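Subject: The structure you asked about

Hi there,

Here is the structure, ready for you to open alongside this message. Once you have it on screen, the notes below should help you find your way around.

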Amino acid sequence: MPLSTGIRETRPILVPTWAGVACALAIGFATPLTADPASDGERFPAASSLGALAVAPSSVAPSAPVSPRRHVTEGVIQRGKTLSDSLRSQGVSPQVVNEIAKGLKGHFDFRHAQPGHLYHLVQDGAGELIEFRYSTSVTDGYTLVKIGDRYDVSREEAELEARATRIAGVITSTLYQSITNLGEDGQLARDFSDIFAWDIDFQRVVQPGDSYQILYERLYRDVGGRATYVRPGRILAARFQGRAGDHLALYFQPEEDRGGYYRPDGTSVEGAFLMAPMRHGRITSNYNPARRHPILKVTRPHHGIDYAASTGTPVWSIGKGVVVHRGWQGANGNLVKVKHDNGFVSSYAHLSRFSKGLSVGSRVDQKQVIGYVGQTGLATGPHVCFRVQQNGEYVDPASLRTPAGAPIPGELVPTFRAHRDQLLAELGGQRKVADRR
Ligand SMILES: [Zn+2]
């Protein structure tokens with residue numbers, strides 16, 4: 001058995017322009033779909049770094065004369081160095097450094113320079129500043145041009161071209177590993193788990209052998225006439241099959257500016273409660289009404305789920321609500337309780353600290369950070385004890401399924417179905433979905 005299997009292909013897909021879906025999908029390379037799951041995954045070329053930019057210099061940035069009258073200095077901000085350090089180390093005069101800072105004032109603050117940012121400085125034969133380009137990411141940057149005594153600053157934002165692509169694989173350790181092993185950015189794994197965050201706790205249920213299929217956009221920018229991959233864009237369709245069941249989600253925009261993910265039957269994937277109160281917690285203890293307590297050594301029910309994570313990991317409210325407790329509570333240490341609709345109260349214990357400004361009476365949104373993982377109160381290590389009560393009775397948080405998002409409106413159902421069937425075919429399932437409505 002190969003340790004990692006996966007397939008991917010890029011091909012053009014048609015996305016109808018109903019309801020204002022404006023997808024600039026380009027024609028990709030149609031490659032034959034490798035249906036054999038045992039075949040090795042075709043790897044993506046590595047995501048481009050900032051080095052792919054047209055203005056990108058080589059990493060050590062030698063100064064290269066362009067013409068006898070012009071002098072070009074290029075560089076990359078190194079860790080622990082400021083833009084001014086970097087320019088000065090290349091022999092740029094303090095006057096020119098000042099001029100750049102002055103010129104960019106109000107547009108870009110020198111103090112926000114970060115490792116990996118790139119610059120490209122052009123000076124004339126007398127050392128006068130002609131042009132300064134600063135790139136903060138593969139797609140964003142600033143250009144400063146000196147015209148007489150004036151500075152002209154423009155903000156640049158590269159246009160990205162989306163190409164629909166399919167990726168599929170079998171998980172051997174984690175979803176993140178599987179996707180990054182195929183050469184795609186880990187962001188795709190995070191976006192995928194966010195889509196299913198109301199139904200699947202990926203930390204809990206994902207097992208080796210579980211599989212996924214994702215139809216998504218890969219975003220490219222034009223660099224000197226060549227399309228250069230930047231990052232994954234929107235997921236158009238996603239499927240997860242494993243111990244947690246068979247889950248499918250399709251992107252659809254019922255209104256021009258508002259899109260969301262829907263199941264094949266048209267119901268929204270969004271629920272009133274997220275499955276987990278954080279992104280990367282490791283479950284160390286499940287809900288168990290008759291557990292032997294690890295410290296007290298007595299049989300005592302565990303009415304929550306313990307998520308171990310490093311101290312300081314953000315903890316989210318699993319749903320919209322109002323804070324009804326924020327403070328110390330004996331063995332629970334620093335505790336936050338949030339009251340939700342329909343008699344539900346969620347609580348988060350052993351926090352190292354609370355989020356800034358949070359107090360009793362604060363309104364919180366789903367996924368809003370309410371505090372940070374800690375080890376306060378009675379705890380053997382940094383973790384959050386997460387509990388949910390309904391009308392005063394503890395319930396297993398893993399059993400909560402409370403739909404909250406609106407389904408596809410009736411008049412859009414036929415459009416949705418046509419779109420769905422096309423996405424499903426592209427996703428590779430070719431499934432027939434029985435429509436009840
Ligand atoms: Zn606990």
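**The chain as a whole**

Among contacts in the protein chain between residues at least 6 apart in sequence, 65% join residues at least 24 apart. Please keep in mind that this is a predicted model. The secondary structure of the protein chain amounts to 6 helices and 25 strands, and buried residues account for 35% of its 437 residues.

**The cores**

A good place to begin is the largest nonpolar core, which has 67 residues. Within this core, the residues with the most contacts are Ala-237, Ala-249, Leu-250, Val-315, Tyr-348 and Val-384. Strand E11 (residues 245-255) gives the most to this core, contributing 5 residues. Where does the core lie with respect to domain 1 and domain 3? Domain 1 (5-46 + 160-262) and domain 3 (282-399) both supply residues to the core, so it lies between them.

If you would like one residue to click on here, try Val-384. Setting aside its neighbours within four places in sequence, Val-384 is in contact with Pro-277, Met-278, Gly-281, Tyr-307, Val-315, Tyr-348, Ala-349, His-350 and Val-373. There is also a second, separate core of 14 residues, which includes Val-76, Leu-87, Leu-121 and Phe-132.

**Strands E4, E5 and E6**

Strand E5 (residues 129-135) is mostly covered, with 5 of its 7 residues buried. E5 pairs with strand E4 (residues 118-124) in the antiparallel sense over 6 bridges, and with strand E6 (residues 140-147), again in the antiparallel sense, over 5 bridges. Arg-133 is a handy landmark in E5: this residue is the bridge partner of His-120 and stands opposite Thr-143 in E6.

Both connections are worth a look. The hairpin of E4 and E5 has 4 residues between the strands, and in this hairpin Gly-127 takes a positive phi near 85°. A hairpin also joins E5 to E6, through 4 residues.

**A small open sheet**

Elsewhere, 3 strands form an open sheet in the order E17-E23-E21, with antiparallel pairing. Which strands are at the edges? They are strand E17 (314-316) and strand E21 (353-354), each of which pairs on one side only. E17 and strand E23 (residues 369-372) run antiparallel and are joined by 3 bridges. One pair to look for is Trp-316 with its bridge partner in E23, Val-369.

**Leu-236 and its surroundings**

Leu-236 is found in strand E10 (residues 226-242). Is Leu-236 buried or exposed? Leu-236 has 28 other C-beta atoms within 10 Å, and 20 or more is the cut-off, so this residue counts as buried. Beyond its neighbours within four places in sequence, Leu-236 is in contact with Ala-164, Leu-215, Tyr-216, Glu-217, Tyr-251 and Leu-423. Leu-236 and Thr-165 are 71 residues apart in sequence, while their C-alpha atoms are 9.6 Å apart in space.

**Two helices**

One of the contacts of Leu-236, Leu-423, brings us to helix H6 (residues 413-427). H6 has 15 residues and reaches 20 Å from its first C-alpha to its last, close to the 21 Å expected at 1.5 Å a residue. Its buried residues are Phe-416, His-419, Arg-420, Leu-423, Leu-424, Glu-426 and Leu-427. Seen down the axis of H6, these buried residues fall within an arc of 155°, so they line one face of the helix. They pack against strand E8 (161-170), E9, E10 and E11. The face of H6 turned away from this buried side carries the exposed residues Pro-414 and Ala-418. Just after H6, Gly-428 takes a positive phi of about 110°.

Helix H4 (residues 187-195) can be viewed in a similar way. In H4, Leu-188, Ala-189, Phe-192, Ser-193 and Ile-195 are buried. Looking down the axis of H4, its buried residues fall within an arc of 155°, so they line one face of the helix. The partners they pack against are helix H3 (175-181), helix H5 (202-205), strand E9 (211-223), E10, E11 and strand E12 (258-262).

Happy browsing, and best wishes!

Conventions:
Residues are numbered from 1 along each chain as its sequence is written. This is a predicted model: local features need pLDDT of at least 70, side-chain atom pairs count only at pLDDT 80 or more; totals for chains, interfaces and linings use all residues. A nonpolar core is a set of buried Ala, Val, Leu, Ile, Met, Phe, Trp, Tyr and Cys residues joined through C-beta atoms within 7 Å. A residue is buried if 20 or more other C-beta atoms lie within 10 Å of its own, exposed if 12 or fewer, and partly exposed in between; C-beta atoms are placed from the backbone. Domain bounds come from an automatic or database domain assignment. Two residues are in contact if their C-beta atoms, placed from the backbone, lie within 7 Å. Two strands pair if DSSP finds at least two bridges between them. The arc is that of the directions from the helix axis to the C-beta atoms. The expected span of a helix is 1.5 Å times one less than its number of residues.
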